[in-house]
Amino acid sequence: MTTATRSTRPPRRVKPAEERRRDLLDAAVLVFTERGIADTTVDEIARTAGMSKGSFYLHFATKEDLASAAWARHMESFLDVGAQILSDETRTVAGRLVTVLEELTRFALDHGDVHRALYGTSGADAVKNDVNERLISMIAAAATAGVRAGVITADGPELLARALYHGYCGAATDAVAGAADIDADELVRSAGVMTRAVFPEVDKVR
């Protein structure tokens, strides 16, 4: 009589749906930035994510839907950079304002390939505009609070926050789009210098 041997291989782990969705988003960014959306197939995305084409359709109806979701995630990451800096109460108000403009500018420059690959997706403008307004509101709120607390000085902090944000993030967009030849490190440095000038600390004004 023969005795069947049981396999000692561990059972295959089934990833939760959210993790598999994240794998697809990661794969999409990788493949889209290399090949572009138009030249990428669902098969390529699924293979890069380590899943079947059928599994892809459990999460996204089309590669265009996936691209839109990848853009939304990218912009949420951009928003998170600003939110984390501005909520850091270990920094001075002036320090937070300087750092947030520097780091948002740096993020836009460092992720230029993602912007170029995904910005044309459906609804991209609406997502970008929403994130822009939320960041401007947060920067303006921090500046206004600093003025009221007497730690920085500024005439019209809300308008100044909008001008700084669009000035430097807009310049970063010009750079990654190839519309202007701008040195990345110099642009980040300039963002900090300008923010210090626009929102000076009170003890440095006297």
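## Exercises on a predicted model

Leaving aside neighbours within four places in sequence, Thr-105 touches Tyr-168, Ala-172, Leu-187, Val-188 and Ala-191. The model is predicted. The exercises start from this residue.

**Exercise 1. Place Thr-105: which helix holds it, and is it buried or exposed?**

Step 1. Find the element. Thr-105 lies in helix 5.

Step 2. Check the accessibility. The relative accessible area of Thr-105 is 0%. Buried means under 20%, so Thr-105 is buried.

Step 3. Look at the side chain. One of its polar atoms lies 2.7 Å from the backbone oxygen of Leu-101. The cut-off for a polar contact is 3.5 Å.

**Exercise 2. Test the length of helix 5 against the expected span.**

Step 1. Take the range. Helix 5 covers residues 93-110, which is 18 residues.

Step 2. Work out the span. The rule is 1.5 Å times one less than the number of residues. For helix 5 that gives 26 Å.

Step 3. Compare. The end C-alpha atoms are 25 Å apart, which agrees.

Step 4. Turn to burial. Of the 18 residues of helix 5, 14 are buried, so the helix is largely enclosed by the rest of the structure.

**Exercise 3. Describe the largest nonpolar core: how many residues has it, and which elements supply them?**

Step 1. Count. The largest nonpolar core has 59 residues.

Step 2. Name the residues with the most contacts inside it. They are Phe-78, Leu-97, Leu-118 and Ile-139.

Step 3. List the contributors. Helices 1, 2, 4, 5, 6, 7, 8 and 9 each give two or more residues to this core. Helix 4 (63-86) gives the largest share, 10 residues.

Step 4. Follow Ile-139. Beyond its neighbours within four places in sequence, its contacts include Leu-97, Val-100, Leu-101 and Leu-104. Leu-86, Ala-161 and Tyr-165 are also among them.

**Exercise 4. Classify the aromatic pair of Phe-56 and Tyr-57.**

Step 1. Count the pairs. The model has four aromatic pairs.

Step 2. Apply the geometry. The Phe-56 and Tyr-57 rings are 5.1 Å apart, centre to centre, with 80° between the planes. Planes over 60 degrees apart count as edge-to-face, so this pair is edge-to-face.

Step 3. Contrast the partners. Phe-56 is buried at 0% relative accessible area. Tyr-57 is partly exposed at 41%.

Step 4. Extend the group. Phe-56, Tyr-57 and Phe-60 form one aromatic cluster.

**Exercise 5. Where is Gly-36, and how many residues along the chain separate it from Arg-116?**

Step 1. Locate Gly-36. It sits in the loop between helix 1 (17-35) and helix 2 (42-49).

Step 2. Read its accessibility. At 23%, Gly-36 is partly exposed.

Step 3. Compare chain and space. Gly-36 and Arg-116 are 80 residues apart along the chain, and their C-alpha atoms are separated by 9.0 Å.

Terms used
Residues are numbered from 1 along each chain as its sequence is written. This is a predicted model: local features need pLDDT of at least 70, side-chain atom pairs count only at pLDDT 80 or more; totals for chains, interfaces and linings use all residues. Side-chain values use heavy atoms; hydrogens and water are left out. Helices (H or I, at least four residues) and strands (E, at least two) are DSSP runs, numbered from the N terminus. Buried means under 20% relative accessible area, exposed over 50%, partly exposed in between (1.4 Å probe, protein chains only). Rings of Phe, Tyr and Trp (its six-membered ring) pair if their centres lie within 6.5 Å; planes under 30 degrees apart count as stacked, over 60 as edge-to-face and the rest as tilted. A polar contact is a pair of N or O atoms within 3.5 Å; within protein, one must be able to donate a hydrogen and the other to accept it, and residues adjacent in sequence count only if both atoms are side-chain atoms. Contact means heavy atoms within 4.5 Å. A nonpolar core is a set of buried Ala, Val, Leu, Ile, Met, Phe, Trp, Tyr and Cys residues joined through side-chain atoms within 4.5 Å.
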